[in-house]
Amino acid sequence: MLDTVLGLFSQDLAVDLGTSNTRVHLSGRGLLCDEPTALALQVLPDGSREVIATGVEARAMVGRTPPDIEAVHPVRAGRVTEHDVTEALILALMRRAHGRNGWMRPRIVLGVPHRATAAELDAVADRFDAVGTREVRLIPRPVAAAVGAGLPVWEADTVMVVDVGGGTTEISILQSSEVVSSTILEQGGLAMDAAVAAWVEREWDLRIGPRSAEALKIDVGSAIEEGLIHSGVAKGRCLRRGLPRAQSVTPSDVHSALTSVVDAIAQATRDLLDEAPPSAAAAVRSQGVILAGGGSLLRDLDVALRDRLQIPFIVAESPQRAVITGLARILEDSALQHTIARVDR
Ligand SMILES: Nc1ncnc2c1ncn2[C@@H]1O[C@H](COP(=O)(O)OP(=O)(O)OP(=O)(O)O)[C@@H](O)[C@H]1O
Ligand SMILES: [Mg+2]
């Protein structure tokens, strides 16, 4: 009864805590936050840490922080590794959603990796409980991504989703809104950035930071040789002379650097299809694979994967938001909530 009354006033949230980005949807209102999963913490004299910035502001501080300020990414390879910091982030998000005066125990719909362990799920859900939420409903991210891509997953259709995120690529086959086969590759956009940085260092003895590597990937990178456009500039520190230096980088260089990650995604997708029940694999081969996640915005990734697997790959609309769009739909649509299989804790 009390929960019903609270439900009338509380504003519920859909949350996707990704390795690179945190996305939050506030029920009845829309997308509230789409920002880097980062916090800047000030280390106080007694050793405790106080949050001084989150999101875009915190990410801008990475590498530029004075010694008493620490920049933290609490989610690594799709898993929450720093629980206290994550709780601070959740608290900051709740304040942004509901104001400083508090909130009436909202319900949370949270996207989780399909293969998360019960202990991992408990640990994260407990952090929501700790800031005063009423219920944390756990939804597998691949199911949310499929809903967000506009697919009728609750029908008996077979759907394959490849979510190329920052820290992971989660590859899943769904049937009637349930994940029937899945695998997680600990390579995504960040691995692409690292591959670009390693290439630049090997070719030109030039060390570049993760932000420059990411910029080269986005501006100049392509998953196929023919998709190449203009050159870019890598700015970093020369390892021979120790001085700042700029180096022109061709699209062909960036493409070569990215090949190993694209190959790994193709191979993991192929392996999962090979292991899947033959009828599911046949359905995927004829209908194609949905690409989601920010990493799927890599130029011509769909073409490269199609060439390797001989299956159509279709990039979801706004793929980086497919999961939060799906979670938001599930949050707002109570009929859908009952149809979609949730993860039990
Ligand atoms: N236009 C683009 N081209 C290539 N990569 C891009 C582009 N835009 C964003 N990305 C990459 O997408 C990645 C982030 O994707 P996303 O926000 O889906 O990750 P996440 O959900 O936080 O991570 P995960 O799902 O692994 O926990 C980053 O590595 C970013 O560089
Ligand atoms: Mg993600």
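Which residue of strand 17 is the bridge partner of Asp 163? In this predicted model, the partner of Asp 163 in strand 17 is Ala 292. The pairing concerned is that of strand 11 (residues 158–164) with strand 17 (residues 289–292), which is parallel and extends over four bridges.

**The sheet 13-12-11-17-18**

Strands 11 and 17 belong to an open sheet of five strands, whose order is 13-12-11-17-18 and whose pairing is mixed. Its edges are strand 13 (178–185) and strand 18 (313–315), each of which pairs on one side only. From one strand to the next, the twist averages 20°. Helix 8 packs on this sheet, where it touches strand 11, strand 12 (169–175), strand 13 and strand 17. The direction of helix 8 makes about 145° with that of strand 13. Helix 9 (residues 278–287) lies across strand 11, strand 12, strand 13 and strand 17 and runs at about 70° to strand 11.

Helix 8 comprises 25 residues (251–275) and reaches 36 Å from its first C-alpha to its last, close to the 36 Å expected at 1.5 Å a residue. Helix 8 nevertheless contains a kink of about 40°, centred on Thr 259.

**The sheet 3-2-1-9-10**

Another open sheet of five strands has the order 3-2-1-9-10, again with mixed pairing. Strand 3 (30–36) and strand 10 (135–140) stand at its edges with a single partner strand each, so one side of each is left without a neighbour in the sheet. Neighbouring strands of this sheet are turned by 20° against each other on average, direction ignored. Strand 2 (residues 21–26) runs antiparallel to strand 3 and is joined to it by six bridges; Arg 23 has Asp 34 of strand 3 as its bridge partner.

Helix 11 (residues 322–332) packs on the sheet and touches strand 1 (13–17), strand 2, strand 3, strand 9 and strand 10. The direction of helix 11 makes about 155° with that of strand 1. Helix 4 (residues 118–130) lies across strand 9 (107–112) and strand 10, at about 140° to strand 10.

**Further antiparallel pairs**

The following pairs are antiparallel.

| Strands | Bridges |
|---|---|
| Strand 15 (residues 232–238) and strand 16 (residues 244–249) | six bridges |
| Strand 4 (residues 39–43) and strand 5 (residues 49–54) | five bridges |
| Strand 4 and strand 6 (residues 69–72) | four bridges |

Strand 15 and strand 16 form a hairpin with five residues between the strands, in which Gly 242 takes a positive phi near 75°. Across this pair, Val 233 has Ser 248 of strand 16 as its bridge partner. Strand 4 and strand 5 likewise form a hairpin with five residues between them, and Gly 47 in the turn has a positive phi of about 90°. Val 43 stands opposite Arg 49 in strand 5, while Leu 41 has Glu 70 of strand 6 as its bridge partner.

**The surroundings of ligand 1**

Ligand 1 is surrounded by 21 residues, of which the closest are Gly 18, Thr 19, Gly 165, Gly 189 and Gly 294. By class, the shell around ligand 1 holds 15 polar, four nonpolar and two charged residues. Helix 6 (189–204) and helix 7 (210–220) each supply at least two residues of this shell. Helix 7 gives the most, with three residues.

Conventions:
Residues numbered from 1 in each chain as written. Chains lettered and ligands numbered in written order. Predicted model: local features only at pLDDT ≥ 70, side-chain atom pairs only at ≥ 80, totals over all residues. Expected span 1.5 Å × (residues − 1). Bend = angle between axes of the 7 residues up to and from the residue. Pairing = 2+ DSSP bridges. Axes fitted to C-alpha atoms, helices over the stretch in contact; angles between N-to-C directions. Contact = placed C-beta atoms within 7 Å. Near = placed C-beta within 6 Å. Nonpolar A, V, L, I, M, F, W, Y, C, P; charged D, E, K, R; others polar.
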